[in-house]
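Trainee: Could you walk me through how to read the sheets and helices of a model like this one? I would like the general idea each time, and then the case at hand.

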Amino acid sequence: MIYQHTSEPPVLRDGAPQVGVHMVDAGAEPFAEVWLTDKPARSGTLDALVWAEDGEYLFCAFRVEKQAVYRQPVRAAYEAAFELADRLGYTKIFRMWNLVGHITRDNAEGMENYRDFCIGRAEAFERWSSRIGSMPAATGIGALSDGIDCYFLACREGKATFLENPLQTPAYKYPDQYGPKSPSFARATYLTQVEEHATNIVYVSGTASIIGDETVCLEDIDGQLDLTIGNIETLISRGNLWLHGIGDGYRIADLDFIKVYVRDAEHLPVVRAKCAEVFAAHANVVYLNVDVCRPDLLVEIEGICRQEIADR
Ligand SMILES: C=C(O[C@@H]1C=C(C(=O)O)C=C[C@H]1O)C(=O)O
């Protein structure tokens with residue numbers, strides 16, 4: 001994945017999927033996000049899907065080009081991806097990114113692009129509910145040009161536990177004031193590592209200043225940041241993992257591979273300062289100046305927890 005200044009649809013380059021996503025504005029530095037394996041990998045393309053697998057994990061990417069109305073092409077693209085994942089035996093999609101061009105602008109019918117996207121995605125999950133049962137941890141965030149880039153990681157059965165946050169209504173149960181179909185995602189995925197000595201991993205979804213189903217701390221960047229960080233702390237806490245039948249627990253300082261999405265460039269300095277305070281000094285953090293999925297959300301944060309605190 002190359003987070004860059006233009007969009008380049010998924011291709012196979014030297015046997016590996018490569019996607020350029022337009023998420024970085026002209027003044028900021030592009031960066032690469034690379035998913036590595038130490039096992040032999042096999043890759044391929046199938047229509048618009050580009051994928052690679054190593055026997056344990058599947059990576060798959062696709063792009064839905066600009067549409068007057070997104071729901072049908074999104075549903076078709078998601079269903080094609082589900083079919084591939086099912087055929088290759090990776091039926092647990094555990095982490096997904098949806099980078100939606102002009103996410104809060106209207107489509108040709110006057111519906112917000114995000115709500116339109118959510119309809120197609122929800123229909124695909126409904127149709128595949130018996131095969132691809134659970135909704136993954138996900139991010140649904142603004143991209144800087146038209147079209148929607150999606151990519152995901154999937155694994156075999158039995159390793160993934162999907163987490164919710166007791167402070168937040170599950171997104172798939174949001175009331176219809178936020179759109180005709182609720183967003184199809186879980187707040188996080190806990191992945192049990194099978195290798196000896198490997199630490200279990202929590203993939204934290206894009207998280208924002210939402211309590212219940214409501215945006216809180218309107219027009220208050222400091223408040224939204226605090227609430228967002230608090231939401232992540234609750235989600236990864238020992239107490240919440242315990243509620244999900246898991247013995248581990250994590251702290252915000254365990255979060256790494258962090259993406260911080262900031263709607264207004266003017267808020268970047270305050271957001272950077274706060275993040276420097278709460279995240280570990282060695283954490284890998286990138287800041288992206290893009291729209292968030294609700295016009296009233298100023299900031300959103302995602303990341304991956306790896307260091308368990310159980311034995312500290
Ligand atoms: C911020 C929220 O949702 C965002 C949208 C998502 C999606 O639609 O896949 C996933 C996480 C966030 O990026 C939220 O509803 O809390």
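**Reading sheets and helices**

Mentor: Let's begin with a sheet: six strands form an open sheet with mixed pairing, in the order β5-β6-β7-β10-β8-β9. Two strands pair if DSSP finds at least two bridges between them, and helices (H or I, at least four residues) and strands (E, at least two) are DSSP runs, numbered from the N terminus. This is a predicted model, in which local features need pLDDT of at least 70 and side-chain atom pairs count only at pLDDT 80 or more, while totals for chains, interfaces and linings use all residues. Residues are numbered from 1 along each chain as its sequence is written, and side-chain values use heavy atoms, with hydrogens and water left out.

Trainee: Which strands stand at the edges?

Mentor: β5 (42–46) and β9 (137–143) do; each has a single partner strand, so one side of each is left without a neighbour in the sheet. Further in, β8 (residues 92–101) and β10 (residues 148–155) pair in the antiparallel sense over eight bridges. I93 has A154 in β10 as its bridge partner.

Trainee: What does α1 lie across?

Mentor: Helix α1 lies across β5, β6 (49–53), β7 (57–64), β8 and β10, and runs at about 160° to β7. Angles run from 0 to 180 degrees between N-to-C directions, and axes are lines fitted to C-alpha atoms, for helices over the stretch in contact. Helix α2 packs on the sheet too, touching β8 and β10.

Trainee: And how do I describe two helices that pack together?

Mentor: Two packed helices are described by the angle between their axes and the distance between the axes. Here, the axes of α1 (residues 71–88) and α2 (residues 113–127) come within 7 Å and cross at roughly 35°. Their crossing is right-handed (the near helix is turned clockwise from the far one by less than a right angle; anticlockwise would be left-handed). Among the residues that meet (contact means heavy atoms within 4.5 Å) are Y78 and F82 in α1, and F117 and F125 in α2.

Trainee: How do α3 and α5 cross?

Mentor: The axes of α3 (residues 221–236) and α5 (residues 268–278) come within 11 Å and cross at roughly 30°. These helices are therefore roughly parallel to each other (angles under 35 degrees count as such, over 145 as roughly antiparallel, 65 to 115 as roughly perpendicular and the rest as oblique).

Trainee: What is the mean pLDDT of the chain?

Mentor: pLDDT is the predictor's confidence in each residue, from 0 to 100. The chain has a mean of 96, and 98% of its residues reach 70 or more.
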